[in-house]
Amino acid sequence: MRFKSVFMLMAGLLLMSSCQDQPVHRKPVEKPAVILKDLMSFLKYRQQHVKLYETFNAVDSAQQTISRIQFLKQLATGRYLPLRLQSPGQPYYQLYPLEAKVEKDIKNTLKFWGEMEQADAQAEGKPLPDFTFVDMQGNRYTNQNTKGKIVVVKCWFLGCLPCIQEMPALNELKKMYENRKDILFVSPCWESRSKVEAFLKKTKFDYAVAPDQYNYLTDQLHLSGYPTHFVINKKGLISLRSNDYLAMAYVLNREAKQP
């Protein structure tokens, strides 16, 4: 009887292992046909369900696990939809192959978005190119004197409407961390000191704004989209680069919890 019990236990463990090795087939949160009906349907789906800045599980078209980098590389080809799958815990995304009949506007949007996501991911883990930001009060921020602190960077210019529209939300975010001396909020801007000064008299923005940074933003960071947010961790490495301030807020919250 003893040997029989051991045999039954081993068989049970093997069965469990076998089950765990099998891919879990999850249903999508929205049917692909609905998502890809037209460009507006796709944009609505992306806004409501897709947050690639979060930690997520990635699977290919056969629902086999792949890495985040592999997932984003394929997404950048413009041949796949990041299909969110139902999951009670950590998000799951599947590479869903696009059919030939899908609208060209959707394909182009997916390709551009995928390329941006891949480029942002490739920036992670690297230091920000050497910088010297001098804010409107004369305070200097450099790679050296910000080590050991979390640095939140917003890159912008005065003619960028989305850059200005998000400022009230950024002010509220900064206020949430006002007691954290180890978190800095710095904002390099294209324009001259005089133009920025005139702007700030009319618009409240609580970051430490550093004017005259056009050359750094274009020649060193090679930015093509604005606003662009960075979260630099205490090791001086990029934890996030994104045009989405919600992504920045999510990663900042994660970094702020680190010892």
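Helices, in runs of at least four residues, and strands, in runs of at least two, are taken from DSSP and numbered from the N terminus, and in this predicted model that numbering places Gln 63 in the loop between β1 (57-59) and β2 (65-66). Most residues other than glycine have a negative phi. Gln 63, however, has a positive phi of about 60 degrees although it is not a glycine, and because its relative accessibility is 12%, where under 20% is the cut-off, Gln 63 counts as buried.

A second loop, between α9 (214-220) and β10 (228-232), holds Pro 227, and His 222 lies in the loop between α9 and β10 as well. The phi of His 222 is also positive, near 55 degrees, but this residue is exposed, with a relative accessible area of 58%. Tyr 226 and Pro 227 are joined by a cis peptide bond, with omega about -5 degrees.

Turning to the interior, the largest nonpolar core has 47 residues, of which Phe 230, Met 248 and Leu 252 touch the most other members. Beyond its neighbours within four places in sequence, Leu 252 is in contact with residues including Ile 150, Leu 173, Phe 185 and Val 231. Apart from this core lies another, of 25 residues, with Leu 81, Leu 85, Val 102 and Ile 106 among them.

The largest pocket encloses about 730 Å³ of space. Its lining comprises 23 residues, with Arg 46, Trp 113, Glu 117, Ser 242 and Asp 244 nearest the centre; α3 (39-49), α5 (104-123), β11 (238-242) and α10 (245-256) each give two or more residues to that lining, and α5 gives the most, with seven. By character, the lining divides into eleven nonpolar, four polar and eight charged residues.

Note on methods
Residues numbered from 1 in each chain as written. Predicted model: local features only at pLDDT ≥ 70, side-chain atom pairs only at ≥ 80, totals over all residues. Heavy atoms only, no water. 1 Å grid on protein atoms, 1.4 Å probe; cavity = no way out; pocket = protein on both sides within 12 Å on 5 of 7 lines; lining within 4 Å. Points joined across faces, edges and corners; volume = space filled by probe spheres on them. Nonpolar A, V, L, I, M, F, W, Y, C, P; charged D, E, K, R; others polar. Core = buried A, V, L, I, M, F, W, Y, C linked by side-chain atoms within 4.5 Å. Buried < 20%, exposed > 50% of the residue type's maximum accessible area, 1.4 Å probe, protein only. Contact = heavy atoms within 4.5 Å.
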